[in-house]
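Visitor: Please take me slowly through a single part of this model, saying what it touches and how it sits among its neighbours. I am in my first year, so please explain each term as you use it.

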Amino acid sequence: MKRNLLDLKFYSLAENVGITRMLIASVGAQLDLSLNDIEELKVVVSEAVSNSIIHGYANHPDKLVHLTIEQNPEALKIIVKDEGCGIPDVEQAMQPAFSTDPERMGLGFVFMQSFMDDLQVESAVNQGTTVTMIKQLDKIQPSTH
Ligand SMILES: Nc1ncnc2c1ncn2[C@@H]1O[C@H](COP(=O)(O)OP(=O)(O)OP(=O)(O)O)[C@@H](O)[C@H]1O
Ligand SMILES: [Mg+2]
């Protein structure tokens with residue numbers, strides 16, 4: 001499996017979440033991942049991107065979200081970065097069911113944690129948030145479709 005790199009910047013618009021889902025699905029399909037793995041990648045990318053839009057940028061549409069997808073024979077690395085409000089307490093934010101919005105479930109980080117092999121969240125208040133997720137590819141059985 002060869003190396004690849006995709007780097008995308010887009011406005012913080014809800015409609016771009018679907019575009020990032022299609023992008024990661026297409027990367028997953030090229031890697032011959034199972035439909036289940038592809039579904040999980042779509043979930044983690046859309047959760048991280050939605051967090052940047054909804055929380056990081058409070059739905060202001062003219063801010064930039066940055067998505068990087070790096071692929072090598074061993075792993076797929078997905079980085080979602082914003083320059084938004086930041087997270088004051090990352091450990092607390094990552095707790096299941098924690099949300100600063102009473103209307104939300106607080107499950108985004110739970111999905112990212114459980115579907116990926118590694119999750120790192122770096123954040124600074126008023127500077128922004130970078131979420132780095134890794135899926136190991138060397139452990140995955142190629143799909144049999
Ligand atoms: N990019 C970000 N910028 C600022 N705050 C964030 C960011 N991502 C997450 N957070 C904070 O972390 C909390 C937990 O995020 P998580 O995705 O787990 O839950 P949620 O977004 O509140 O709910 P859900 O994802 O279930 O809709 C958020 O409520 C928010 O306060
Ligand atoms: Mg969320």
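Guide: Leaving out residues up to four places away in sequence, serine 50 touches Val17 and His55, where touching, or contact, means heavy atoms within 4.5 Å. Serine 50 has its place in helix H2, helices (H or I, at least four residues) and strands (E, at least two) being DSSP runs numbered from the N terminus. With a relative accessibility of 18%, serine 50 counts as buried, a word that means under 20% relative accessible area, while exposed means over 50% and partly exposed lies in between (1.4 Å probe, protein chains only).

Before going further, please keep in mind that this is a predicted model, in which local features need pLDDT of at least 70 and side-chain atom pairs count only at pLDDT 80 or more, while totals for chains, interfaces and linings use all residues. Residues are numbered from 1 along each chain as its sequence is written, chains are lettered from A and ligands numbered from 1 in the order in which they are written, and side-chain values use heavy atoms, with hydrogens and water left out.

Helix H2 has 22 residues, which should span 32 Å at 1.5 Å a residue, and its end C-alpha atoms, 30 Å apart, agree with this; the expected span is 1.5 Å times one less than the number of residues. Alanine 58, which follows H2, has a positive phi, near 45°. Asparagine 59 lies in the loop between H2 and S2, and although it is not a glycine, asparagine 59 also has a positive phi, of about 65°. Its relative accessible area of 48% makes asparagine 59 partly exposed. On the other side, in the loop between H1 and H2, is aspartate 32, again not a glycine but with a positive phi of about 65°.

Leucine 41 also lies in H2, and at 0% relative accessibility it counts as buried. Setting aside neighbours within four places in sequence, leucine 41 is in contact with Ile24, Leu33, Leu76, Ile78, Met116 and Lys135. Its partner methionine 116 is 75 residues away along the chain, yet the C-alpha atoms of the two are separated by 8.2 Å.

H2 also packs against H4, at an angle of about 145° and with the axes 9 Å apart; axes are lines fitted to C-alpha atoms, for helices over the stretch in contact, and angles run from 0 to 180 degrees between N-to-C directions. On the side of H2, Glu40, Val43, Val44, Glu47, Ala48 and Asn51 make this contact, and on the side of H4, Gly108, Phe109, Phe111, Met112 and Phe115. By class, the contact has seven nonpolar, two polar and two charged residues, where Ala, Val, Leu, Ile, Met, Phe, Trp, Tyr, Cys and Pro count as nonpolar, Asp, Glu, Lys and Arg as charged, and the others, Gly among them, as polar.

In soluble globular proteins, nonpolar side chains tend to be buried together. The largest nonpolar core here has 33 residues, and Leu76, Ile78, Phe109 and Met112 are among those with the most contacts inside it; such a core is a set of buried Ala, Val, Leu, Ile, Met, Phe, Trp, Tyr and Cys residues joined through side-chain atoms within 4.5 Å. H2 provides the largest share of this core, seven residues.
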